[in-house]
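Student: I should like a close look at one part of this structure, namely its enclosed and open spaces. Please describe what lines them and then set them in the context of the chain.

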Amino acid sequence: MRCGAVRDGDREVPVLLRALALSVSGLLGTVIAFILISGLAALLEGRGLALLGRLWNPAGGRFGILPMVHASVLLALSSLLLGWLLSLGCCCMLNGIAPRPLAALLMGCLRLMTAVPTVVYGFAAVFLLVPLIRGALGGTGFCWLAACLILTLQGLPTMTFVMDGAVRSLVAQTSLTAAALGMTPLECLSRVALPLAKRSMLSAAVLGLGRALGDALIPTMLAGNAIQFALSPLSSMRTLTAHIALVLSSDIGGGEHLSLLLAGALLLLACAAFSLAARRLSREASGDVRP
C-alpha cells in the first residue's frame, strides 16, 4: 500500500482526496441543515401553518405563500409536459426518423442551446415572445404561457440527451436481431428501443421537472410576478424561486423574510426528492441496455 493512502474495499483512496470529499460533504450538509432549520423556524414564528395560507397581504400582516407554491407546480408541470413530448420527438428524429443531415443539424442546435445563458433566453423572450403573445392573445404578455414556453426550450436539450443516450445504445444492440426478424429500422425504434428505454424516459422527465421547478430567472423575467392563482395561460403568476429573488433584492424583514425561508426549504425538499428519484431511476435504467 502506498504511503498517504487508505484502502477502500479493493481500491486505494488518497487521504487528501478523502479529506476533500468529507469537507465538501460536511459543507453541503451544513447548508442543507441551515435551510431546513430556517424553514422550520419560519413556520414556528409564522404561527404554525399561517405562511402556507392563500392570502398574501403584507399591509394586513398576511404572508401566505400557497399561490406561489401553486404557481411553481403549475409552471413546472406544464413546461415538463410540453418539453418531454418535444424531447421524445427530437430523440426519434435523431435515431432514424429524420435524414442524417437533418439529424446532424438538430443535434448541433441542441448542443448550442446548452451553451446559451438563461438570461439570453429571457432577454430575447421579453422583446420577441412577449409582444407576440400580447398582440395575438391579449393581456400584458408577461404570463404563465411565456414562462412555460421558454422553460420548455431550456429543458429540451437535457431531456433529449438523456433519452437519446439510452435509445441509441438499445438501437445499436438490437438492430441486427430486429433486421433478422424482418423489422425495419423504424419498427426497431418504435417496437423495441423505445419500450425498453421507458425508465430512461422517466428519468429524463424527473430531471426536466427539477430543472423547471428550480429556475429563478425565467419566471422572474416573464411570468409577471403577480401573487395570485393563475386561472389561464395568460394569467400572471409568481413562483417560489422568483419570490426568493425579489425578496432578497428588496432586503425586507418580518413576515416576508419568514416566507422566504420557508420557500427555500420547500424548494430544497422538492429538488432533493427529484435528484434522489433521478439517481434511482438512472441506476435501474442500466437494465435498459440489455436486449
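Tutor: In this predicted model, the second largest cavity holds about 40 Å³ of space. Its lining elements with two or more residues each are α2 and α8, and α2 has the largest share, at three residues. The residues that line this second largest cavity are S72, L75, A76, A212, L213, D215, P219, T239 and T241. Sorted by class, they comprise five nonpolar, three polar and one charged residues.

The count of cavities of 30 Å³ or more is two, and the largest has a volume of about 60 Å³. Around the largest cavity stand S79, L80, G83, L151, T152, Q154, G155, M159, G208, R211 and A212. A212 thus appears in the lining of both cavities. For the largest cavity, α2, α6 and α8 each supply at least two lining residues, with α6 giving the largest share, five residues. The class composition here is four nonpolar, six polar and one charged residues.

The open spaces may be taken next. The largest pocket encloses about 360 Å³. It is lined by 20 residues, of which L94, N95, G96, R100 and V171 are the closest to its centre. Helices α2 (66–97), α3 (100–115), α6 (144–180) and α7 (185–196) each contribute at least two residues to this lining. The most comes from α6, again with five residues. Of the lining residues of the pocket, 14 are nonpolar, four polar and two charged.

Two single residues illustrate opposite surroundings. K198 belongs to helix α8 (residues 198–214) and counts as exposed because its relative accessibility is 59%, above the 50% cut-off. Although 32 residues separate K198 from A166 in sequence, their C-alpha atoms are 9.3 Å apart in space. H243, by contrast, is placed in helix α10 (residues 240–250) and is buried, since its relative accessible area is 0%, under the 20% limit. Leaving aside residues up to four places away in sequence, H243 touches W56, M68, R238, E256, S259 and L260.

For the chain as a whole, the secondary structure amounts to 11 helices and four strands. Of its 291 residues, 38% are buried. Contacts between residues at least 6 apart in sequence join, in 69% of cases, residues at least 24 apart. The protein chain exposes about 15800 Å², of which carbon and sulfur atoms supply 70%.

Notes: Residues are numbered from 1 along each chain as its sequence is written. This is a predicted model: local features need pLDDT of at least 70, side-chain atom pairs count only at pLDDT 80 or more; totals for chains, interfaces and linings use all residues. Side-chain values use heavy atoms; hydrogens and water are left out. Buried means under 20% relative accessible area, exposed over 50%, partly exposed in between (1.4 Å probe, protein chains only). On a 1 Å grid over the protein atoms alone, a cavity is a set of points where a 1.4 Å probe fits but cannot get out, and a pocket is an open set with protein on both sides within 12 Å along at least five of seven lines; lining residues have an atom within 4 Å of a point. Grid points are joined across faces, edges and corners, and a volume is the space filled by probe spheres set on the points. Ala, Val, Leu, Ile, Met, Phe, Trp, Tyr, Cys and Pro count as nonpolar, Asp, Glu, Lys and Arg as charged, and the others, Gly among them, as polar. Contact means heavy atoms within 4.5 Å. Accessible areas come from the Shrake-Rupley method with a 1.4 Å probe; for residues, only the protein chains shown count as cover.
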